[in-house]
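Hi there,

Here is the structure I promised to pass on to you. Have a look at it first, and then read my notes below.

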Amino acid sequence: MKKESKKMKIKNPLKGQSWKEFKKLVSSRGNLIDLAVALIIGTAFTAIVTSLVNDIIMPLIGAAAGKSLSELVWYLDINNQPHFLPNGDINPQAIIIKYGNFLQVIINFFIIALTMFSVVKAYLSIRKSYKNKFYGFTYEEYFAFIKEGKKRKEIKLLAIERDLKLKEKEEKEKAEKEKNSVESILKDIRTIMEENAKLLKENNDISRKTTKTLR
């Protein structure tokens, strides 16, 4: 009998839900363009912040400290190796703790984090102001109303109507949840009462049988 060779099945990573999500991402041009723009701007912004730190801030800190942070080191006399070679270079076998570089990395991190925080906060503030300006509608929705000939007062009324409907929907969903919760509790109480009644009946039957037996 010939042995049947088992073929290894390789699963397609772009199958099922993943494939649908990938097609959705590719088909939505707006998302891809936004992603590309964000990537390009983020890369350029990182270069700007890095230059700010390395070319402006760190030299000022070095001037205040009297030397560059990268020159701040500790030499440990553990392996009895000289710190420097005869030609003046640092001995590669010497144990050196470069805490200055570590401090520089920490300072870089805080400066970049602070800068990014400021940019994101400014962006969210601008976005919020635009959202208030457009009464909670998106840019496309707002100017679609403008093209239809609606005035700002009419758009504001539409926004109020939308908010009222949304609030009514939320209250309805909340009331429905509370109703379901109350019904569930009442159902549990009824079940417990029925079980207790059943147990009580069984106990009464046992008591009657015991009484008859004793007689």
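**What I found**

Arg-162 is partly exposed, with a relative accessibility of 29%. Please keep in mind that this is a predicted model.

Which residue does the side chain of Arg-162 meet in a salt bridge? The partner is Asp-163, with N and O 3.0 Å apart. Asp-163 is partly exposed too, since its relative accessible area is 39%; the partly exposed class runs from 20% to 50%.

**The other salt bridges**

How many salt bridges does a search of the whole structure find? The search gives three, so here are the others, each taken with its two residues.

Glu-161 pairs with Lys-165, and their closest N and O atoms lie 3.5 Å apart. Why are these two about one helical turn apart? Because Glu-161 and Lys-165 are four residues apart in helix H5, about one turn of the helix separates them. Glu-161 is partly exposed at 39% relative accessible area, whereas Lys-165 reaches 52% and counts as exposed. The cut-off matters here: a residue is called exposed when its value is over 50%.

Glu-148 and Lys-150 also meet through their side chains, with a distance of 2.9 Å from N to O. Is Glu-148 buried or exposed? Glu-148 is exposed, having a relative accessible area of 53%. For Lys-150 the value is 26%, which makes this residue partly exposed.

**Patches on the surface**

A negative surface patch is made up of Glu-168, Glu-170, Glu-171 and Glu-173. You can find Glu-168 in helix H5, which covers residues 152–214. Glu-168 is exposed, and its relative accessible area is 55%. To join a patch, a residue needs over 30% relative accessible area and no salt bridge, and the 55% of Glu-168 can be read against that cut-off.

There is a nonpolar patch on the surface as well, formed by Ile-112, Met-116, Val-120, Tyr-123 and Leu-124. Together these residues have about 440 Å² of accessible area. Val-120 sits in helix H3, residues 99–133. With a relative accessible area of 42%, Val-120 is partly exposed.

**What the UniProt record says**

Where does UniProt place the feature "transmembrane region"? The record, an unreviewed entry, puts this feature at residues 32–53 and 102–124. In the model, residues 102–124 are 100% helix and 0% strand. The C-alpha atoms at the two ends of that stretch are 33 Å apart.

**The chain as a whole**

Finally, a step back to the full picture. The protein chain has five helices and two strands. Starting at the N terminus, the order of its elements is α-α-β-β-α-α-α. What percentage of the 215 residues counts as buried? The figure is 8%.

A good way to begin is to find helix H5 at residues 152–214, and then to look for the salt bridge between Glu-161 and Lys-165. After that, try helix H3 at residues 99–133 and look for the nonpolar patch that includes Val-120.

Enjoy exploring!

Best wishes

Technical notes: Residues numbered from 1 in each chain as written. Predicted model: local features only at pLDDT ≥ 70, side-chain atom pairs only at ≥ 80, totals over all residues. Heavy atoms only, no water. Patch = residues over 30% accessible without salt bridge, like charges linked within 9 Å, V, L, I, M, F, W, Y side chains within 5 Å. Areas by Shrake-Rupley, 256 points an atom, 1.4 Å probe, with all protein chains shown as cover. Salt bridge = Lys/Arg side-chain N within 4 Å of Asp/Glu carboxyl O. Lys, Arg positive; Asp, Glu negative; His and termini not counted. Charge placed at Lys NZ, Arg CZ, Asp CG, Glu CD. Buried < 20%, exposed > 50% of the residue type's maximum accessible area, 1.4 Å probe, protein only. UniProt positions renumbered as here; feature names shortened; annotations may be inferred.
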